[in-house]
Amino acid sequence: MIDLHYWPTPNGWKISIALEEMELPYRVVSVHIGRGEQFEPAFLAISPNNRMPAIVDRDPAGGGAPIPVFESGAILVYLAEKTGRFLPTELRGRTEVLEWLMWQMGGLGPMLGQHGHFELYAPERLAYPRKRYGDEALRLYGVLDRRLADREHICGEYSIADMACWPWILTYKKQGIDLADFPHVRRWYDALKQRPALRRGYDVGSDLRKKTFAGFDDKARRILFGQEPES
Ligand SMILES: N[C@@H](CCC(=O)N[C@@H](CS)C(=O)NCC(=O)O)C(=O)O
């Protein structure tokens, strides 16, 4: 059994989608990030960066103590290796999937995160970061569109690279992106949306999501956007 420490956001959905696609048994442990549950000591012991998702595999390959994993990219690789699915084992295919997974982890996710922050949540509408991250969001959509121009999935067969990128593209309307400008991303996004396992993964915790918006008050803003370095 796998414990999934989770809140329904793009990074959380990557893992609920992967667990459904890989048909692994799991239970959800909710981490209400707007209430600060990511700072509880029991969670920090699993995920020292106070971010979800994280997992604890209570039945790791080879037995032994449970294995905790944080960072969604590392979790996707861990689950793919555990099941032998969605990550090729041959050198060239594996290298490509890891490249695009890292592209999502280091580029698409963080840049869209900043873009969304300055468009939707920042207390002031600041021209410089809005342009900086708005341009970067469009550039990254362009990179993905060109990649998908001549292939069905990001790398060969459907893989953890697709699972990492799809939940971020899902938020395109909020990001003010017009998918008509990125027809290959549109086609890929719509095709993946038809996958029953992906839909089940996306639905995990939809009741929790209602709580996010109901409770997104000044306190939640301070918790999420007012984190300062510890002295
Ligand atoms: N690089 C991390 C990012 C995870 C992340 O940013 N999670 C957000 C929600 S999408 C979170 O837990 N935020 C809590 C906080 O900011 O304290 C990953 O991919 O796992």
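If we count the contacts in this chain between residues at least 6 apart in sequence, 67% of them join residues at least 24 apart, and I should say at once that this is a predicted model. Buried residues make up 30% of the 231 residues in the chain. The chain has ten helices and four strands, and from the N terminus on its elements run β-α-β-α-β-β-α-α-α-α-α-α-α-α. The radius of gyration is 18 Å, close to the 17 Å that the globule rule gives for 231 residues, so the chain is as compact as a globular protein of that length. Taken along the principal axes, the C-alpha atoms fill a box of roughly 50 × 45 × 35 Å.

Let me turn to the ligand. Which residues surround the ligand? Going along the sequence, they are Thr9, Pro10, Asn11, Ile33, Gln38, Asn50, Arg51, Met52, Pro53, Glu71, Ser72 and Leu224. Sorted by class, this shell has five nonpolar, five polar and two charged residues.

Several members of that shell have backbone features that I would like to go through with some care. Asparagine 50, which is part of the shell, lies in the loop between α2 and β3, and its phi is positive, about 45°, although the residue is not a glycine. Is asparagine 50 buried or exposed, or does it fall in between? It is partly exposed, because 16 other C-beta atoms lie within 10 Å, where 20 or more would be needed for a residue to count as buried. In the loop between α2, residues 41-44, and β3 we also find proline 53, and the peptide bond leading to this proline from methionine 52 is cis, with omega near 10°. Both methionine 52 and proline 53 belong to the residues around the ligand.

Glutamate 71 is another member of the shell, and it sits in the loop between β4 and α3. Glutamate 71 has a positive phi of about 75°, again without being a glycine, and with 16 C-beta neighbours inside 10 Å it counts as partly exposed.

That brings us to helix α3, which covers residues 72-83 and includes Ser72, a residue that also appears in the ligand shell. At 1.5 Å a residue, its twelve residues should span 16 Å, and the end C-alpha atoms are indeed 16 Å apart, so the expected and computed values agree. The buried residues of α3 are Ser72, Ile75, Leu76, Leu79 and Ala80. Why do we say that they line one face of the helix? Seen down the axis of α3, the buried residues fall within an arc of 130°, and therefore they line one face. What covers them includes α1 (10-21), β3 (54-57), β4 (67-70), α4 (91-121) and α6 (160-169). After α3 comes glycine 84, whose phi is positive, near 70°.

One last residue, in another helix. Glycine 134 has its place in α5, residues 127-148, and it is partly exposed, with 18 other C-beta atoms within 10 Å. Glycine 134 and phenylalanine 118 are separated by 16 residues in sequence, while their C-alpha atoms are 9.1 Å apart in space.

Technical notes. Residues numbered from 1 in each chain as written. Predicted model: local features only at pLDDT ≥ 70, side-chain atom pairs only at ≥ 80, totals over all residues. Near = placed C-beta within 6 Å. Nonpolar A, V, L, I, M, F, W, Y, C, P; charged D, E, K, R; others polar. Helix = DSSP H or I, 4+ residues; strand = E, 2+ residues; numbered from the N terminus. Expected span 1.5 Å × (residues − 1). Buried ≥ 20, exposed ≤ 12 C-beta atoms within 10 Å, placed from the backbone. Arc of directions from axis to C-beta. Contact = placed C-beta atoms within 7 Å. Rg over C-alpha atoms; globule rule 2.2 N^0.38 Å.
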